[in-house]
Amino acid sequence: MTPIKECLINKSTKINPIWLMRQAGRYLPEFREIRKKNPNFIELCLNPHLSEEITLQPIKRFNFDAAIIFSDILMVPYGMGQSVEFKKNLGPNLGNFRITDIQKTTENDFKNNLLPIYKLLSNLKKSKDLNNKDLIGFVGAPWTLLVYMLNKISPKNGLPDNFLKDKILIEEILKSLDTFIKIHIENQINAGATIIQIFDSWAGLIKKDFDRFLYNPTLSLVNHVKKLGVPVICFPRGISDYVKFSKLVKPSMINIDYNVDAENIVKSLDIPIQGGLDPKLLLTDKEILKRETNKYLETFKDHPYVFNLGHGILPETKVEMVYELIEIVRGYK
Ligand code: 1CP
């Protein structure tokens, strides 16, 4: 059984399994090398050969317990027919769309648009580097994808006040997202994903109607993944009540962010927990990193716990600090 599966059957393990969100990415010199030669990010995500190499880069270097496919949550809007570009200094930039065009997109159109991602998974499945490791597929949660689809750029500076004004349009988009995200989940599992993670990176921006935007749409996906017999990890970043979320949505494992009080959550939840460490700690020094990492390891020592961060690893992280982190986690007794 893989180390993470062992945690998932609700066992606390002697050595905590470890992988890092955004482990395949810009902090790795070997990734930047490939990226320099491939300025079109979407094309890179749709190149199974290069995506495979990028997915395996952190595995070869650090021997993490899981690989997460090199792809992006915005590949779902792309598959639905919305244009998606990544611009230097801006980040994602999505195009206009007509809801009627999205509603005309068939399952087959969608699948054809994203075929290289499924090819990537089936290729990775054969890789010797992934022996006894999980292969994580992922999707964005409906709320987070709705945010990108309507706002067209990152909401990191907030959303306009009238963001939710067109109630009918929003319901239609959420309905399409539920359909296509489920298709994407199913295709990833059929191609070889052994775990699905649902990223709700902007859940913290939901101010009201939590049932409509957070609990119900996520529960619908979680039930779908469970029905397919695969564990599902939820990461509703920035919400104020992870306990309520976990009790209502019942994921196989919950990924906490770095604002969550670890001591409190461990007492309140009986499902496996992942993550928590502030990625900014990897920008400090080894002493601080050790002290803060040990706090998580100590707090979760009798709880099924997968070591990870409280959000993605930052591009400016030094590779030596990642080696150090792994040594701390694997050396902890
Ligand atoms: O070189 C570059 O400029 C590309 C940077 C990059 C990378 C490496 C982007 C653009 N996406 C990715 C890969 C990626 N994205 C992965 C696979 C790699 C891995 O985890 O190892 C995953 C799981 C994602 C998921 C993702 N994309 C999320 C959810 C997780 C999170 O960090 O919150 C989100 C919000 C995105 C959108 C996105 N894609 C890329 C960027 C820079 C962003 C964030 C933009 C923003 O700030 O709104």
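How many nonpolar, polar and charged residues does the lining of the largest pocket have? In this predicted model, the lining comprises 24 nonpolar, 9 polar and 12 charged residues. The volume of the largest pocket is about 1,600 Å³. Its lining is formed by 45 residues, and those closest to the pocket centre are Arg22, Arg26, Asp72, Phe86 and Pro92. Helix 2 (29–37), strand 2 (84–87) and strand 3 (91–94) are the elements that each give two or more residues to this lining. The largest share, 4 residues, is from helix 2.

The ligand is located in the largest pocket. It is surrounded by 23 residues, of which Arg35, Asp72, Tyr148, Ser154 and Ser201 come nearest. By class, this shell consists of 13 nonpolar, 6 polar and 4 charged residues. Asp72 thus appears both among the residues closest to the centre of the pocket and among those that come nearest to the ligand.

Polar contacts to oxygen atoms of the ligand involve both backbone and side-chain atoms of the protein. An N or O atom in the side chain of Ser154 is 2.6 Å from a ligand oxygen, and a polar side-chain atom of His311 is 2.8 Å from a ligand oxygen. For Arg22, a polar backbone atom lies at 3.0 Å from an oxygen atom of the ligand. The ligand taken alone exposes 890 Å², and 89% of that area is buried by the protein.

The second largest pocket holds about 230 Å³ of space. Residues lining this pocket include Trp143, Pro160, Phe163, Lys207 and Phe213. Its lining has 8 nonpolar, 1 polar and 3 charged residues.

Note on methods: Residues are numbered from 1 along each chain as its sequence is written. This is a predicted model: local features need pLDDT of at least 70, side-chain atom pairs count only at pLDDT 80 or more; totals for chains, interfaces and linings use all residues. Side-chain values use heavy atoms; hydrogens and water are left out. A residue is near a molecule or strand if one of its heavy atoms lies within 4 Å of it. A polar contact is a pair of N or O atoms within 3.5 Å; within protein, one must be able to donate a hydrogen and the other to accept it, and residues adjacent in sequence count only if both atoms are side-chain atoms. Accessible areas come from the Shrake-Rupley method with a 1.4 Å probe; for residues, only the protein chains shown count as cover. On a 1 Å grid over the protein atoms alone, a cavity is a set of points where a 1.4 Å probe fits but cannot get out, and a pocket is an open set with protein on both sides within 12 Å along at least five of seven lines; lining residues have an atom within 4 Å of a point. A molecule sits in a cavity or pocket if more than half of its atoms lie within 2 Å of its grid points. Ala, Val, Leu, Ile, Met, Phe, Trp, Tyr, Cys and Pro count as nonpolar, Asp, Glu, Lys and Arg as charged, and the others, Gly among them, as polar. Grid points are joined across faces, edges and corners, and a volume is the space filled by probe spheres set on the points.
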